[in-house]
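Me: I am new to reading protein models, and I would like a close look at one part of this one, the open sheet in the first chain, together with what surrounds it. Please take it slowly and connect the pieces for me.

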Amino acid sequence: MNLLEVRDLSIRFRIDESTTLDAVKGISFDVPVRSTVALVGESGSGKSVTALSVMGLLPPENASVGPASRILYRGRDLLTVGRSEMQKLRGAEIAMIFQEPMSSLNPVFTVGFQIGEVLRKHLGLSGRALRERAIELLNEVGIPEPRQRLDVYPHQLSGGQQQRVMIAMAIACEPKLLIADEPTTALDVTVQRQIMDLLAGLQERHEMAMLFITHDLALVSEIADHVVVMRDGEIREQAPSSQLFRDPRDAYTRALLACRPPRDRRPRRLPVIDDFMKEGRGPTMEQRSRGLRGDEPALLEARGLAKSFYFREGFFRQRELKAVKGASFRIAKGKTLGVVGESGSGKTTVALLVARLHQASAGEVRFEGRDLLAIDAREAMPYKRRIQIVFQNPYASLNPRFTVAQILTEPMLIHGIGADDGERRAMAGELLRKVGLAPESLEKYPHEFSGGQRQRIAIARALTLRPELLICDESVSALDVSVQAQLLNLLQDLQDEYAMSYLFISHDLAVVRYMADEVMVMKDGEVVEIAGPDELYANPKHPYTRLLLSSIPGRVQ
Amino acid sequence: MRESSVWALAWRRFRRDRLGFFSLIVVLAYVALVLAVAAGWLARDWQQETGVSFAPPTFLGAEAGASESIKILEAAQPASDYGIPDPLGPDLAEIAKVLTGASPNEARALTLPLGADKWGRDVLKKAVKGTETSLFIGLAAAAVATFLGTLFGALAGYRGGRVDDSFNWLYSVLTSIPYLLLVLAVAAVINQKGVLTVILILGLTGWTGIFRLVRAEYMKHKVREYVLAADAIGASNARRMFVHILPNVSHVVLVQLSLHVVLFIKSEVILTFLGFGVGVDTVSWGSMLAEAGSELLLGKWWQLTAATVFMALLVTAFSLFTDAMRDALDPRLK
């Protein structure tokens, strides 16, 4: 029996007077009782819009649902029920969890108040009964000391705990259908594992149906009974989970599955979507071997690198936060050192220290024998040129008021590369071609490009200075998996061509395994393990490394 | 097609706002008027006493208020006060005749388009000339204040630490004094009347609000990745502050500039009204309103009305234009 039936759903957004965007183009799928259906797709596929339309949360001022569309919940069309009736359903029968727990919780109310609001409104509880039920809920979602936690504010909880509170609010009225929109995307991998286990347990206990929305196919393989793959507002394929992962029919599904770095092999290049869409299957690739022989010359060597931040507490006291505690590592010429760790582990701080963007508190960074941390800014200029960095967020790392030409010629101008503007522009055009963009893009502004293209521009900017060490700080993490594969290929090609060294930072263990010749694991500012990728993944020494590895989604696969 | 810069997009959004666009046209008309006056094409002879004293506006006819004003004029004749004719009267009349090149009562118009003031000067011409003074003061003072506020805000927000502390201290001192008191204090210290003085008074005291906003923007932007990226390619501090960050906060600065133009036009009026503004040889809306105070008692409302309408129209248009500009410049571009 189906709890939810979506039929011919089409949603159109009005962007301005003349342009409209068809976000969802006539899709149909079912969510049976007590089962989990996953909507999978990359950004712009229409998966979140579909979820919002089920909740009746589409912005009324610019979204319109097609006339033939129907969303049947227990036989009633949610698109035609009245506002007050919908409000009764929302929260009580259909609940939703959002991606960002930090912005979904109201920062000025306590956790207990926010859970209590749901209970008051839908169940009419009050006083002691309400408090007891709230404690019960917090207990159920695995928050320690729930009695005390009821009176804290959201910012006093960690990201994982905030998401647990969100889940507690969602299940407060024992809904029949739970919609989870990328509930773990913003969380660390070990926390993601806990939340996934929690959701699976809750679903079983409460006999809920779940509509699980994600971009991560590996995650889906663990939780979903049925998978719906979406692209550009259309359904490419829907099948039972077991069948879809064993025998994907659609070329796009196959491409999505193949473009993630595999756990057991290391192809020279990752297949990309286009390979599949044109030929129906990916190219077969020879393998690449990774690792250090041990006799490579070191390009950079860090010893006892440390960084503390100070926060004022009260009038006189200061609190010290040790972001990095004595990290030592070396980066071999032409090789890649991968850094993995969760948020707050200090991996980004290490990158900023090496690039001299933050002042280190202690330690040394030897670059060709010279200690970079001991010299002043003027002396460091020539080294600055040789160490470049590509940041995580391509939307934030390019100056929105500069054209691509300005972005690319500025570093050359500062370092006196190229004789005149004409020459510099020609060089910039050449670099754009190298990173896979048309040279005509020079006159455009960053906002005219997609995320992947912007990251290519950021890479081109770093390349203008011909660096010997390129720091990639989560450079592919914010991108869709298919775009990620293209950029990893690009980075690999550039390393092969220019023999650059990489300091490759990521929370994504599969990507690091694919890219790195040596992997450094960080936790709470400390380096807990450094080893070759194959050895580290096959035979982790440190318990934390073992925990990280066991948290990678995709056990079933 | 290549016109896709942030400014071009903002302009496209602005044009869609009808009210804002209409306001812009009004503001531009005022600017054109000011340029024409500055070039000497208009209202050059505003000091000419072309009408009879308190000549009423043409649309009211010569009779309106005339009988009343004559009565008062007669009553105001010093000669009739004591029953003794003024012994110097004929001589003064002669001197006045020589100076103006015309006899005082000869060939004077009985009505003028918007009436005349006490000395018979054309109110329309005064208002036009006053527009030049007031708008110039508003623009120049706002430019000074915005320049100072932006510079100080950029330094304080970007540098932080001691620099920030000292600018904040200056800011706190200046804002802890009531605004009008501060303005009058500076005016009393400078003790010199004139357009330049008014600009300096307003500019030197009015930068605090802009400082606070720009400082906050710089604090927000200096930790953004594009600024870190500029650091990584070796851009100097000055380059990061003014080449990288400034264009990204310029929308704030522009909106503030335009808000302060309105504010300073009003402040000039208040200053002049209180007697600290422009000198007697200059006409501004403020000096017109200052004169209007006593005129109103005599029932001569046209100078007050002219100055008020001229000012209200500009201030309203400028405010609406600022609002539309703020909407258009909203940099939530993706």
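Reply: What follows starts with the sheet and then moves outward to the domains, the nonpolar core and the other chain.

Please keep in mind throughout that this is a predicted model. The open sheet of chain A is built from four strands, which follow one another in the order β13-β12-β15-β16 and pair in an antiparallel way. At its edges stand β13 (317-332) and β16 (370-371) of chain A, and because each of these has a single partner strand, one side of each is left without a neighbour in the sheet. Further in, strand β12 (residues 298-313) of chain A runs antiparallel to strand β15 (residues 362-367) of chain A, and five bridges join the two. To find this pairing in the picture, you can look for A:L300, which stands opposite A:F367 in β15(A). A helix also belongs to this scene, for α13 (residues 347-354) of chain A packs on the sheet, where it touches β12, β13 and β15 of chain A, and its direction makes about 115° with that of β12(A).

We can now step back to the domains. Chain A is divided into domain 1 (2-247), domain 2 (250-289) and domain 3 (333-358 + 370-551). The C-alpha centres of domain 1 and domain 3 of chain A lie 35 Å apart, and where these two domains meet, eight residues of domain 1 are in contact with nine residues of domain 3. On the domain 1 side of that meeting, one residue is nonpolar, four are polar and three are charged.

The nonpolar core comes next. In soluble globular proteins, nonpolar side chains tend to be buried together. Here the largest nonpolar core has 223 residues, and those touching the most other members include A:L177, A:L211 and A:V354. Helix α6 (residues 123-159) of chain B gives the largest share of this core, 12 residues. If we leave aside neighbours within four places in sequence, the contacts of A:L177 include A:L3, A:V31, A:I94 and A:L211.

Finally, there is the meeting of the two chains, where 25 residues of chain A are in contact with 19 residues of chain B. The elements giving two or more residues to the chain A side are α14 (377-386), β17 (387-390) and α15 (404-415) of chain A, and α15(A) provides the largest share, four residues. By class, this side of chain A has 12 nonpolar, six polar and seven charged residues.

How values were computed:
Residues are numbered from 1 along each chain as its sequence is written. Chains are lettered from A and ligands numbered from 1 in the order in which they are written. This is a predicted model: local features need pLDDT of at least 70, side-chain atom pairs count only at pLDDT 80 or more; totals for chains, interfaces and linings use all residues. Two residues are in contact if their C-beta atoms, placed from the backbone, lie within 7 Å. Ala, Val, Leu, Ile, Met, Phe, Trp, Tyr, Cys and Pro count as nonpolar, Asp, Glu, Lys and Arg as charged, and the others, Gly among them, as polar. A nonpolar core is a set of buried Ala, Val, Leu, Ile, Met, Phe, Trp, Tyr and Cys residues joined through C-beta atoms within 7 Å. A residue is buried if 20 or more other C-beta atoms lie within 10 Å of its own, exposed if 12 or fewer, and partly exposed in between; C-beta atoms are placed from the backbone. Two strands pair if DSSP finds at least two bridges between them. Axes are lines fitted to C-alpha atoms, for helices over the stretch in contact, and angles run from 0 to 180 degrees between N-to-C directions. Domain bounds come from an automatic or database domain assignment.
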